[in-house]
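Reader: I am new to this structure and should like to understand how its descriptions are justified. Please take me through the reasoning step by step.

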Amino acid sequence: MLYGYVLKLARKNMLRHRLRTGLTLAGIAIAIVSFGLLRTVVDSWYAGAELGSSGRLITRSEASLSFPLPATYSERIRKVPGVRSVTFANWFGGIYIDEKNFFAQFAVDAQSYFDLYPEFRVAPAELADFKRDRRGAIVGRKLAKKYGWKVGDQVPLRGTIYPGNWSFTIRGIYQGADDKTDENQFLMHWHYVNETIKALLPSLADKVGVFIVDIRDPAQAAAVSAAIDSSFKNSLAETRTETQKAFQLGFIAMVDTILLAIQTVAYVVVLIIMAVMANTMAMAARERMREYATLKALGFSDGFVSLLIFGESLALSLAGGLLGILLTFPAAASFFRATRDLFVVFEVRPETVLLQLGSAVLIGLCAALAPALNSRRIRIVDGLRAVT
Amino acid sequence: MASSLISIRELSKTYRRGNQPVPVLLGIDLEIAAGDYVSLMGPSGSGKSTLLNLIAGIDKPSSGSLLIDGIDIAALPENDLAAWRAANVGFVFQFYNLMPVLNAFENVELPLLLTGLNRAERREHVETALAMVGLADRMDHYPNELSGGQQQRVAIARALITDPTLIVADEPTGDLDRQSADDVLNLLDRLNGELGKTIVMVTHDPKCANRAKRQVHLEKGVLLSGSGAH
Ligand SMILES: Nc1ncnc2c1ncn2[C@@H]1O[C@H](COP(=O)(O)OP(=O)(O)OP(=O)(O)O)[C@@H](O)[C@H]1O
Ligand SMILES: [Mg+2]
């Protein structure tokens, strides 16, 4: 019976200052949406790394990702026990018309690349066309859609690492095996790029950025990696081999600091709204000091008054929180649309929703704490003398 | 003296303002019989409200004894004291102190939430009380939809709803016009005369004070001689 009354009073008290309640609700909702989006950004970034096939190893230069390795390593890696097949790729880094049109371009070994990336699905006829045309390219479905490319189109790229004006003919469009596969890549012939550059800048020729190694037994990944690296020990270019997942996580480590900052901001947003909400509740409680004193005079306990304050605070923060959670989904969808190429997946995870809900509860509890303690401290006679 | 409902001996109250002690009541002796109707008069700051608050159990004395119906209320722990107030004291304040978000019915019902009465029983009690103060037709009105006099009558209904033995009223007509004040005083008369409630009322107004059976005068924290006698 008393709890019903607490809820009723909480609801009625909330409607007392509609503008103040409305603004507080909006503030909480916005904070919860921001929190959810920021967390989803971090999640999605890491999720991208989880996606790669764990059976694949990546071999790159021990020194740095930006130092290429001799293409001849390919044969030596293939001979390491446990290795099934090897392919390689080079970051091309060309500019399509304008620098803002950024997408990943790799010069790959046309003969073997797609054997190691079964999740890139290409029609056999298109793949055969690509293999035949040294100036051909295969592009991801999303990328083709974005620029309106069709098979047969010419795509000009201005080289940055490999100088000159290049032109590639689209011979095929690949489709991801599932919606987690990146469909935004542009793949051309490494041999074509290599031979063209050999005439211009011999120092850049016969080099590859990474070898992609398919192994027979994923459980042996560590042993095979070590075997590959030891076979290049004390050579001019030592290697570092790791699973694709570890490779991508290592890549992510570079942006870890940024992600940490994002995560911190997510929590700071919650802290800020907590302070704002605490202020709102303190104001409300101060205005109602005489009412609370009256209730206590009538025989209601300190606990009942605290319950009123907590009830109102929680009702407000939960309403704002639920609104925020509901708005997170459309917000995430449009965020994903706006940042198309940045994330492979962008899904609000159930854990995020739980955290949002938890934050809302926490905001409500914390905001009520000070006013509730204060209402206990204030003596009835002083509360009754309070002017409102 | 055996019939005393309220028995006050050597009662003192000192407030502190910072480090400064502020003596407000100095050795009060007062007996109030069950069924009595006492008005507490005196200049502003003489300690009338302080004395009333002590009697009502919402403040604690600094020294002396205060027995109500034989109970030393100053010695009760906070929760027991709250329960004692809920059962034994009806409050009427100068500014009514109704909950603005509750309508007349709900305001009067409020003290009944602390009893074991069910919804139907509460409704019956509330309707009777509101009828008694002449506001049966205003049950669903909110305080801001009622005049000052009507609000005070709602407050009186709230004060009598749990059928307490004692009603304390701190300047119940202080904020009302003549007509509304008369309505309120007539009601208090009936509570005392018909229902036998013991009433202690603080007032500035001699006309109001005259409606009580007995007047007690406070001056600078001391009862004027003779006025505490029975
Ligand atoms: N909670 C308190 N803390 C400190 N001093 C107080 C407190 N309550 C009352 N006083 C002081 O005690 C004195 C008596 O106050 P009280 O309210 O009892 O007077 P009163 O006779 O009711 O006056 P009034 O007619 O103006 O209502 C005043 O000087 C007042 O300032
Ligand atoms: Mg007073």
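Reader: What makes the approach of B:Lys48 to ligand 1 a polar contact?

Author: The model is a predicted one. In it, a polar side-chain atom of B:Lys48 lies 2.7 Å from an oxygen atom of ligand 1. A polar contact requires a pair of N or O atoms within 3.5 Å, so the pair at 2.7 Å qualifies. An N or O atom in the side chain of B:Ser49 is likewise 2.7 Å from an oxygen atom of ligand 1, and for B:Thr50 the value is 2.5 Å. As to cover, ligand 1 taken alone exposes 630 Å², of which the protein buries 77%.

Reader: Why is the site of ligand 1 called shared between chains?

Author: It is called shared because residues from both chain A and chain B surround ligand 1. There are 16 residues around ligand 1, and those that come nearest are A:Asp382, B:Ser44, B:Lys48, B:Ser49 and B:Thr50.

Reader: Which elements each supply at least two residues of the shell around ligand 1?

Author: They are α13 (380–385) of chain A, and β1 (4–17) and α1 (48–56) of chain B. The element that gives the most is α1(B), with three residues. By character, the shell divides into three nonpolar, seven polar and six charged residues. The space that ligand 1 takes is the second largest pocket.

Reader: How do you know whether chain B is compact or spread out?

Author: Chain B has seven helices and 10 strands. Its radius of gyration is 17 Å, and the globule rule gives 17 Å for 230 residues; chain B is therefore as compact as a globular protein of that length. Along the principal axes, the C-alpha trace of chain B spans about 45 × 40 × 40 Å.

Reader: What does the globule rule say of chain A?

Author: Chain A contains 13 helices and 12 strands. The radius of gyration of chain A is 30 Å, well over the 21 Å that the rule gives for 388 residues, so chain A is more spread out than a compact globule. The C-alpha atoms of chain A fill a box of roughly 95 × 45 × 35 Å along the principal axes.

Note on methods:
Residues numbered from 1 in each chain as written. Chains lettered and ligands numbered in written order. Predicted model: local features only at pLDDT ≥ 70, side-chain atom pairs only at ≥ 80, totals over all residues. Heavy atoms only, no water. Near = heavy atom within 4 Å. Polar contact = N/O pair within 3.5 Å; in protein donor to acceptor, adjacent residues only side chain to side chain. Areas by Shrake-Rupley, 256 points an atom, 1.4 Å probe, with all protein chains shown as cover. 1 Å grid on protein atoms, 1.4 Å probe; cavity = no way out; pocket = protein on both sides within 12 Å on 5 of 7 lines; lining within 4 Å. Sits in = over half its atoms within 2 Å of the grid points. Helix = DSSP H or I, 4+ residues; strand = E, 2+ residues; numbered from the N terminus. Nonpolar A, V, L, I, M, F, W, Y, C, P; charged D, E, K, R; others polar. Rg over C-alpha atoms; globule rule 2.2 N^0.38 Å.
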